[in-house]
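Please keep the model open in your viewer, with the selection panel at hand, and follow the stops below in the order in which they are given.

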Amino acid sequence: MKRIEAIIKPFRLDEVKIALNEAGLVGLTVTEVKGFGRQKGHTEIYRGAEYVVDFLPKLKLELVVSDAHVTEAVEAIIKAAKTGKIGDGKIFVSHVEEVIRIRTEERGEQAI
């Protein structure tokens, strides 16, 4: 099993959710986060005063999938989240040793 974490632009969430559903993947956790990468934020003017926005609003998506579904999940996220502009985000894939559904105590892929 693999854990997929994706950092995306907030306005791309609906497209990513639809793409994952179309790929047959269910179960998703979304967290509002702030951060920056190579773009290093930007400068804005508010009421005549200039200030630097270091941390930009992003969404962090987390899902756990079986090894057989990793490629289709990653491709669905890329296809739906990509705008072609700086700040589109990143995807991290890591190994998950065990999953346990608390309610039924199911383990492994049955618990996903």
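Select the charged side chains of the protein chain to begin with: 18 are positive and 18 are negative, and the centres of the two sets lie 6 Å apart. The model before you is a predicted one, which is worth keeping in mind at each stop.

**The whole chain**

Switch to a cartoon view and colour by secondary structure, which shows two helices and six strands in the protein chain. Followed from the N terminus, these elements run β-α-β-β-β-β-α-β. The protein chain is more spread out than a compact globule, because its radius of gyration is 17 Å, well over the 13 Å that the globule rule gives for 112 residues. If you turn the C-alpha trace along its principal axes, the spans to look for are about 60 × 25 × 20 Å.

With a surface displayed, the accessible area of the protein chain comes to about 7,900 Å², and carbon and sulfur atoms account for 52% of that area. Buried residues make up 31% of the 112 residues. Of the contacts in the protein chain with a separation of 6 or more, 72% are between residues 24 or more positions apart.

**Glutamate 5, in strand E1**

Select glutamate 5, which lies in strand E1. Is glutamate 5 buried or exposed? With a relative accessible area of 17%, glutamate 5 falls under the 20% limit and is therefore buried. Show its side chain together with that of lysine 60, and a polar contact of 3.0 Å appears between the two. Beyond the residues up to four places away in sequence, glutamate 5 touches Lys60, Leu61 and Glu62, and also Lys90, Ile91 and Phe92.

**Lysine 9, in the loop after E1**

Move along the chain to lysine 9, which is placed in the loop between strand E1 (2-8) and helix H1 (13-22). Although it belongs to a loop, lysine 9 counts as buried, at 13% relative accessibility. Which backbone oxygen lies 3.4 Å from a polar atom of the side chain of lysine 9? That oxygen belongs to isoleucine 86. Widening the selection to the residues that lysine 9 touches, and not counting those up to four places away in sequence, brings in Lys58, Thr83, Lys85, Ile86, Gly87 and Asp88.

**Aspartate 88 and threonine 83**

The last residue of that list, aspartate 88, is the next one to select, and it lies in the loop between H2 and E6. Aspartate 88 is buried, with a relative accessible area of 17%. A polar contact of 2.4 Å joins its side chain to the side chain of threonine 83. Draw a distance from aspartate 88 to isoleucine 8 as well: the two are 80 residues apart in sequence, yet their C-alpha atoms are 5.9 Å apart in space. Leaving aside neighbours within four places in sequence, the contacts of aspartate 88 are with Ile7, Ile8 and Lys9, and with Ala81, Lys82 and Thr83.

**Lysine 82 and alanine 80**

Lysine 82 is placed in the loop between H2 and E6 too, but lysine 82 is exposed, with a relative accessible area of 57%. Apart from neighbours within four places in sequence, lysine 82 is in contact with Arg12, Ile77 and Asp88. A distance from lysine 82 to valine 96, which is 14 residues away along the chain, gives 26 Å between the C-alpha atoms.

Now step back into helix H2 (residues 70-81), where alanine 80 has its place. Alanine 80 is buried, with a relative accessible area of 7%. Its contacts, once neighbours within four places in sequence are left aside, are Arg12, Glu15, Val16 and Ala19. Alanine 111, by comparison, is 31 residues from alanine 80 in sequence and 27 Å from it in space, C-alpha to C-alpha.

**Two exposed residues to finish**

Select arginine 38, in the loop between strand E2 (29-35) and strand E3 (42-46). Arginine 38 counts as exposed, at 80% relative accessibility. Its C-alpha is 8.1 Å from that of isoleucine 86, although 48 residues separate the two in sequence.

The closing stop is glutamate 105, in the segment after strand E6 (90-95). Glutamate 105 is exposed, with a relative accessible area of 63%. Display its backbone, where phi is near 65°, a positive value in a residue other than glycine. Most residues other than glycine have a negative phi.

Key:
Residues are numbered from 1 along each chain as its sequence is written. This is a predicted model: local features need pLDDT of at least 70, side-chain atom pairs count only at pLDDT 80 or more; totals for chains, interfaces and linings use all residues. Side-chain values use heavy atoms; hydrogens and water are left out. Helices (H or I, at least four residues) and strands (E, at least two) are DSSP runs, numbered from the N terminus. The radius of gyration is taken over C-alpha atoms; the globule rule is 2.2 Å times the number of residues to the power 0.38. Buried means under 20% relative accessible area, exposed over 50%, partly exposed in between (1.4 Å probe, protein chains only). Contact means heavy atoms within 4.5 Å. Accessible areas come from the Shrake-Rupley method with a 1.4 Å probe; for residues, only the protein chains shown count as cover. Lys and Arg count as positive and Asp and Glu as negative; His and the chain ends are not counted. The place of a charge is taken as NZ of Lys, CZ of Arg, CG of Asp or CD of Glu. A polar contact is a pair of N or O atoms within 3.5 Å; within protein, one must be able to donate a hydrogen and the other to accept it, and residues adjacent in sequence count only if both atoms are side-chain atoms.
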